[in-house]
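Please work through the exercises below with the sequence and the model at hand. Each task is followed by a solution in steps.

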Amino acid sequence: METPAVAAGEKLGVVDGRPSPLSKMVVPVFDRSVRYGLGVFETVGVHAGRPFLLGQHARRLVQGLGRLGLASSLDPRTLVRWGQRAVELASVQEGVLRILATAGDDGALRPRVLAWAMEEPPTVSEASERGLRASIHPLRRDPASPLSGTKSLAYADCYLARWQANARGFDEAILCSSEGRIAEGTASNVFIVEGSRLVTPPLSEGILPGVTRAFILEIARGVSLEPMEEPIEMARLMRSREAFLTSTRLGVAPLVAVEDKMIAEGRPGPVTLTLRRSYGGIARGEYPGSGATPGCRPERGMEIP
Ligand SMILES: Cc1ncc(COP(=O)(O)O)c(C=O)c1O
């Protein structure tokens with residue numbers, strides 16, 4: 001495919017499969033994503049020049065469009081190709097690939113797909129080593145809403161909840177389900193460790209099906225943990241031996257306190273640290289063959305005592 005001429009230093013992204021200078025990647029006001037936030041996006045980690053779990057992100061994006069009534073002929077394989085192209089065009093080694101699919105113009109049901117990659121250092125890396133502190137936010141996850149469980153462009157509620165948590169000195173905010181149980185973070189999923197059980201709220205709580213969450217559930221048995229999806233009350237989280245958050249940007253990050261209460265001793269626990277190392281190693285491609293496919297195994301000797 002031909003690459004357009006660009007000004008020196010300007011990066012390229014991909015619009016509907018075609019290379020485009022970043023400055024020309026614009027969404028017209030007629031696109032329904034502008035007025036209604038109708039559309040979806042994905043943030044994919046790029047490690048050693050490879051978009052990690054891109055296939056899973058592409059599938060979630062297509063499912064998200066379907067949930068918003070924007071079913072289209074877009075298929076995940078096409079999105080994977082466009083995403084890889086965006087990473088190559090920007091020559092990103094360590095960073096993120098963003099893919100955004102809008103609803104399209106009034107009267108036309110064709111989404112616009114924009115993909116671009118950037119070098120970006122991992123966020124809150126220091127905090128995610130020492131352990132994150134979360135507030136509890138009054139925003140609820142409602143399983144009946146098509147926006148719950150969708151990485152929708154109408155993201156202002158989570159954005160504001162995170163912003164308010166940060167303003168109060170917390171790293172993340174925990175959102176509860178309409179029943180008052182733990183749902184998820186504003187940009188992360190929640191896990192607790194109870195003995196050899198690794199527990200996370202089920203998707204029926206109205207949470208985003210996190211790509212990292214699914215991957216952790218998949219590799220759990222390889223480190224002798226029994227993965228479970230079960231409703232979690234706040235008291236159960238606070239009684240747990242360890243807790244952690246997962247997301248593309250954080251990987252596996254210890255959660256050591258909620259509001260002014262510590263979880264266990266208020267330090268990252270051994271299971272969390274093992275999963276963090278294991279996940280990070282796989283994401284960086286340190287285990288040959290584990291690449292972008294699920295079902296990979298963490299390194300030998302990572303079993304949890
Ligand atoms: C509301 C919400 N939950 C969970 C996650 C984690 O999802 P993933 O692991 O796919 O990054 C995100 C990511 O941004 C999110 O926005």
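The exercises that follow concern a predicted model.

**Exercise 1. Overall build**

Task: State how many helices and strands the protein has, and determine why it counts as compact as a globular protein of its length.

Solution.
- Step 1. The protein contains eight helices and 15 strands.
- Step 2. Its radius of gyration is 19 Å, and the globule rule gives 19 Å for 305 residues; the two values are close, so the protein is as compact as a globular protein of that length.
- Step 3. The C-alpha trace spans about 55 × 40 × 35 Å along the principal axes.
- Step 4. Of the 305 residues, 45% are buried.
- Step 5. Consider the contacts between residues at least 6 apart in sequence: 67% of these join residues at least 24 apart.

**Exercise 2. The shell around the ligand**

Task: Identify which residues come nearest to the ligand, and which helix supplies the largest share of the shell.

Solution.
- Step 1. There are 14 residues around the ligand, and those that come nearest are Leu208, Gly210, Val211, Thr212 and Thr248.
- Step 2. Two elements, α6 (211-219) and β13 (242-247), each contribute at least two residues to the shell.
- Step 3. The largest share belongs to α6, with three residues.
- Step 4. Sorted by class, the shell consists of four nonpolar, seven polar and three charged residues.

**Exercise 3. Helix α3**

Task: Compare the span of helix α3 with the expected value, and decide where around the axis its buried residues lie.

Solution.
- Step 1. Helix α3 covers residues 76-90, which is 15 residues; at 1.5 Å a residue these should span 21 Å.
- Step 2. The end C-alpha atoms of α3 are 21 Å apart, in agreement with the expected span.
- Step 3. Buried in α3 are Leu79, Trp82, Gly83, Ala86, Val87, Leu89 and Ala90.
- Step 4. Around the axis these residues cover an arc of only 165 degrees, so they are on the same side of α3.
- Step 5. After α3 comes Ser91, with a positive phi near 50 degrees.

**Exercise 4. Helix α5**

Task: Assign the buried and the exposed residues of α5 to its faces.

Solution.
- Step 1. Helix α5 (residues 156-167) has 12 residues and an expected span of 16 Å at 1.5 Å a residue; the distance between its end C-alpha atoms is 16 Å, which agrees.
- Step 2. The buried residues in α5 are Cys158, Ala161, Arg162 and Ala165.
- Step 3. Viewed down the axis of α5, the buried residues fall within an arc of 95 degrees and therefore line one face of the helix.
- Step 4. Exposed residues Ala156, Tyr159, Trp163 and Ala167 are carried on the face of α5 turned away from the buried side.
- Step 5. The cover over the buried residues of α5 includes β7 (132-141) and β8 (172-177).
- Step 6. Just after α5, Gly169 has a positive phi of about 90 degrees.

**Exercise 5. Helix α8**

Task: Establish which elements the buried residues of α8 pack against.

Solution.
- Step 1. Helix α8 (residues 270-283) has 14 residues; from its first C-alpha to its last it reaches 20 Å, close to the expected 20 Å.
- Step 2. Its buried residues are Val271, Thr272, Leu275, Arg276, Ser278, Ile282 and Ala283.
- Step 3. These residues pack against β3 (39-47), β10 (189-194), α6, β13 and β14 (251-258).
- Step 4. Gly285 follows α8 and has a positive phi, near 75 degrees.

**Exercise 6. Three loop residues**

Task: Classify Ser240, Ala48 and Ala264 as buried, partly exposed or exposed.

Solution.
- Step 1. Ser240 is in the loop between α7 (234-239) and β13. It is buried because it has 20 C-beta neighbours inside 10 Å.
- Step 2. Leaving aside residues up to four places away in sequence, Ser240 touches Ile192, Val193, Glu194 and Ile263.
- Step 3. Ala48 is in the loop between β3 and β4 (50-51). It has 11 C-beta neighbours inside 10 Å and therefore counts as exposed.
- Step 4. Ala264 is in the loop between β15 (261-262) and α8. Its 15 C-beta neighbours inside 10 Å make Ala264 partly exposed.
- Step 5. Ser240 and Ala264 are 24 residues apart along the chain, and their C-alpha atoms are separated by 6.9 Å.
- Step 6. Most residues other than glycine have a negative phi. Ala48, however, has a positive phi of about 50 degrees, and phi of Ala264 is positive too, near 50 degrees.

Key: Residues are numbered from 1 along each chain as its sequence is written. This is a predicted model: local features need pLDDT of at least 70, side-chain atom pairs count only at pLDDT 80 or more; totals for chains, interfaces and linings use all residues. A residue is near a molecule or strand if its C-beta atom, placed from the backbone, lies within 6 Å of it. Helices (H or I, at least four residues) and strands (E, at least two) are DSSP runs, numbered from the N terminus. Ala, Val, Leu, Ile, Met, Phe, Trp, Tyr, Cys and Pro count as nonpolar, Asp, Glu, Lys and Arg as charged, and the others, Gly among them, as polar. The radius of gyration is taken over C-alpha atoms; the globule rule is 2.2 Å times the number of residues to the power 0.38. A residue is buried if 20 or more other C-beta atoms lie within 10 Å of its own, exposed if 12 or fewer, and partly exposed in between; C-beta atoms are placed from the backbone. Two residues are in contact if their C-beta atoms, placed from the backbone, lie within 7 Å. The expected span of a helix is 1.5 Å times one less than its number of residues. The arc is that of the directions from the helix axis to the C-beta atoms.
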